[in-house]
Amino acid sequence: MIGLTREADGALRIVWLLGKTGDVTDAGSIAESVAVSPKFTLKILRQLLQGGVVRAVRGKRGGYALALPPSDITVRRIVEMIDGPIAIN
């Protein structure tokens, strides 16, 4: 059985939440909704930003939103963005 790292699991839950809401969501609300600590949520969001899957919105009503349509985001893309290439031995 192959398992996901905690970070990849968190990233998948964050992307799922942002796709479901379809709106800008602040990091605190994201952390609470996906049951991940705020600090760990910010770490994951930075990686998703660097990977181009999430975009940051500044300002009073700022937060995070998907940078791509949900149909363009795959589980494999998220897992490889967080954990690196998938290799089968």
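This is a short dialogue on how to read some features of a predicted model.

User: What kind of model is this, and how are residues numbered from 1?

Analyst: It is a predicted model, where local features need pLDDT of at least 70, side-chain atom pairs count only at pLDDT 80 or more, and totals for chains, interfaces and linings use all residues. Residues are numbered from 1 along each chain as its sequence is written, and side-chain values use heavy atoms, with hydrogens and water left out.

User: Which elements give two or more residues to the largest nonpolar core?

Analyst: The general idea comes first. In soluble globular proteins, nonpolar side chains tend to be buried together. A nonpolar core is a set of buried Ala, Val, Leu, Ile, Met, Phe, Trp, Tyr and Cys residues joined through side-chain atoms within 4.5 Å. Buried means under 20% relative accessible area, exposed over 50%, and partly exposed in between (1.4 Å probe, protein chains only). Here the largest such core has 22 residues. Ile-14, Ile-30, Leu-48 and Val-54 have the most contacts inside it. H1, H2, H3, S2 and helix H4 (75–83) each give two or more residues to this core. H1 gives the most, with 6 residues. Helices (H or I, at least four residues) and strands (E, at least two) are DSSP runs, numbered from the N terminus.

User: At what angle do H2 and H3 pack?

Analyst: Axes are lines fitted to C-alpha atoms, for helices over the stretch in contact, and angles run from 0 to 180 degrees between N-to-C directions. H2 and H3 pack at about 110 degrees, with axes 9 Å apart. That makes H2 roughly perpendicular to H3. The cut-offs are under 35 degrees for roughly parallel, over 145 for roughly antiparallel, 65 to 115 for roughly perpendicular, and oblique for the rest. Ala-27, Ile-30 and Ala-31 of H2 meet Pro-38, Thr-41, Leu-42 and Leu-45 of H3. Contact means heavy atoms within 4.5 Å.

User: Is Thr-41 buried or exposed?

Analyst: Thr-41 has a relative accessible area of 0%, so it is buried. Thr-41 sits in helix H3 (residues 38–50). Beyond its neighbours within four places in sequence, Thr-41 contacts Ile-14, Ala-27, Ile-30, Ala-31 and Val-36.

User: What is the phi of Ala-35?

Analyst: Most residues other than glycine have a negative phi. Ala-35 is not a glycine, yet has a positive phi of about 60 degrees. Ala-35 lies in the loop between helix H2 (27–34) and H3. Ala-35 counts as exposed because its relative accessibility is 65%.

User: How many bridges join strand S1 to strand S2?

Analyst: Two strands pair if DSSP finds at least two bridges between them. Here 4 bridges join S1 (residues 54–57) to S2 (residues 63–66), and the strands run antiparallel. Ala-56 stands opposite Tyr-64, and Val-57 opposite Gly-63. The hairpin has 5 residues between the strands, and Gly-59 takes a positive phi near 110 degrees.

User: Which way do the residues of S2 point?

Analyst: In a regular strand the side chains alternate between the two faces of the sheet. Gly-63 and Ala-65 point one way from S2, while Tyr-64 and Leu-66 point the other way. All are buried.
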